[in-house]
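Trainee: I would like to go through the charged pairs and one helix packing in this model. Where should we begin?

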Amino acid sequence: MIEHRNGILIAVALMVGVPAITLLATLHQMFGTGGDGPIRASAVQAPPAPAPAAKPAPQAPAAASPASPASPAAAAPAAATPAGAAAPAAAAPVPGRSAQDFSASRPAWEGYLQGANPALGKQLAASGKPAAGVQACVACHGQAGITPTGGIFPNLAGLTPEYIAKQLADFRQGTRKQALMNTVAQGLSEQEIGQLAAYYGSLAGPPENLGETGGEAARKLDQIGDGARALPACANCHGLRGLGEGPLLPRLAGQSKEYFADQINAFRNGSRQNDDVGVMRAFAQRLTDSEVEALGQYYAGPR
């Protein structure tokens with residue numbers, strides 16, 4: 001009986017004592033030193049007042065020599081730093097970011113177009129630069145930027161100045177490879193690339209008589225794509241019926257079917273690699289030979 005009573009007393013003591021101790025500890029933390037509770041005014045230490053600057057002791061005026069007047073440097077008080085002591089080191093700059101760290105980089109070819117004169121580009125296209133091994137552009141691309149014989153030479157009329165400047169810059173740097181165009185672009189200055197791009201970018205493209213050839217398969221790839229093969233509609237980037245979309249997404253309408261197939265095959269085999277993040281190389285791998293031929297006819301239109 002006594003043991004049972006003692007057990008009850010111990011249990012009651014624990015039930016009352018533990019909460020009481022916890023409450024006391026909490027009150028001590030809030031109103032004592034530290035903690036997240038109210039801060040007593042008496043616990044806040046006021047910062048010490050700065051010591052008043054000591055006044056310099058008056059100095060006796062130096063006797064001026066009758067032959068030479070006292071210079072201002074001689075009358076200046078002595079420096080606080082003792083002679084021979086190293087000067088205090090300048091504070092190191094604090095590392096951080098500047099506004100320029102978040103500026104988007106711009107491609108170099110954009111500068112080629114600044115102030116580019118299309119009239120000078122027209123002259124260069126007609127005459128070339130024989131001394132630099134650059135033949136006249138009209139020999140392959142036609143008098144008005146439209147190739148008269150088709151084949152693997154593209155029409156330049158109807159393309160944007162930005163697209164032409166980028167392609168010439170890529171040919172010049174070798175990121176797009178084609179033996180003839182690599183030689184031509186390397187013989188051109190940056191200013192001349194801008195002039196040619198401005199000239200051809202000002203010319204109207206071929207007539208828009210598209211969608212009459214190529215069949216239903218080509219029309220579907222152009223307008224709908226093929227989701228099962230992760231092929232988006234060609235129109236998403238190149239505009240409906242290939243009429244162009246944006247400065248760097250070229251017009252396909254009016255290009256010969258031979259040129260279209262040549263470029264798709266170049267993306268397939270990796271000899272052309274200047275597409276944005278490899279999207280054209282990926283899409284070209286998913287097209288069948290018959291689809292490439294059908295799309296080429298679709299964008300070329302009737303002769």
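Mentor: Begin with a cut-off: buried means under 20% relative accessible area, exposed over 50%, and partly exposed in between. Keep in mind that this is a predicted model.

Trainee: Is E291 buried or exposed?

Mentor: The relative accessible area of E291 is 14%. The limit for the lowest class is 20%, so E291 is buried.

Trainee: Which residue does E291 pair with in a salt bridge at 2.7 Å, N to O?

Mentor: A salt bridge needs a side-chain nitrogen of Lys or Arg within 4 Å of a carboxyl oxygen of Asp or Glu. E291 lies in helix 13 (residues 289–300), and the partner sits in the loop between helix 9 (215–223) and helix 10 (235–238), 62 residues apart from E291. That partner has 27% relative accessibility and counts as partly exposed. The residue is R229.

Trainee: Which residues are joined into one network by salt bridges that share partners?

Mentor: The R229 and E291 pair just described belongs to the network. One further residue is joined to them, which gives D226, R229 and E291.

Trainee: Which residue of helix 13 pairs with R268?

Mentor: R268 is in helix 11 (residues 257–269), and its partner is 21 residues apart in sequence, so the pair ties together separate parts of the chain. The closest N and O atoms are 2.8 Å apart. At a relative accessible area of 57% the partner is exposed. It is D289.

Trainee: How far apart in sequence are D170 and K166 in helix 6?

Mentor: Their side chains meet in a salt bridge at 2.7 Å, N to O. D170 is buried at 8% relative accessibility, and K166 is buried at 19%. Both are in helix 6 (residues 161–173), separated by about one helical turn, which means four residues.

Trainee: How many salt bridges does the model have by this rule?

Mentor: The pairs above are among them, including D170 with K166. The count comes to nine.

Trainee: At what angle do the axes of helix 6 and helix 8 cross?

Mentor: Helix 8 spans residues 190–200, and the two axes come within 8 Å. The crossing is right-handed. The angle is roughly 145°.

Trainee: How many residues of the contact of helix 6 with helix 8 are charged?

Mentor: Helix 6 contributes P161, I164, A165, L168 and R172, and helix 8 contributes E190, I193, L196, A197, A198 and Y200. Nine of these residues are nonpolar and none is polar. Asp, Glu, Lys and Arg count as charged, so the charged residues number two.

Note on methods. Residues are numbered from 1 along each chain as its sequence is written. This is a predicted model: local features need pLDDT of at least 70, side-chain atom pairs count only at pLDDT 80 or more; totals for chains, interfaces and linings use all residues. Side-chain values use heavy atoms; hydrogens and water are left out. Helices (H or I, at least four residues) and strands (E, at least two) are DSSP runs, numbered from the N terminus. Buried means under 20% relative accessible area, exposed over 50%, partly exposed in between (1.4 Å probe, protein chains only). Axes are lines fitted to C-alpha atoms, for helices over the stretch in contact, and angles run from 0 to 180 degrees between N-to-C directions. A crossing is left-handed if the near helix is turned anticlockwise from the far one by less than a right angle, and right-handed if clockwise. Contact means heavy atoms within 4.5 Å.
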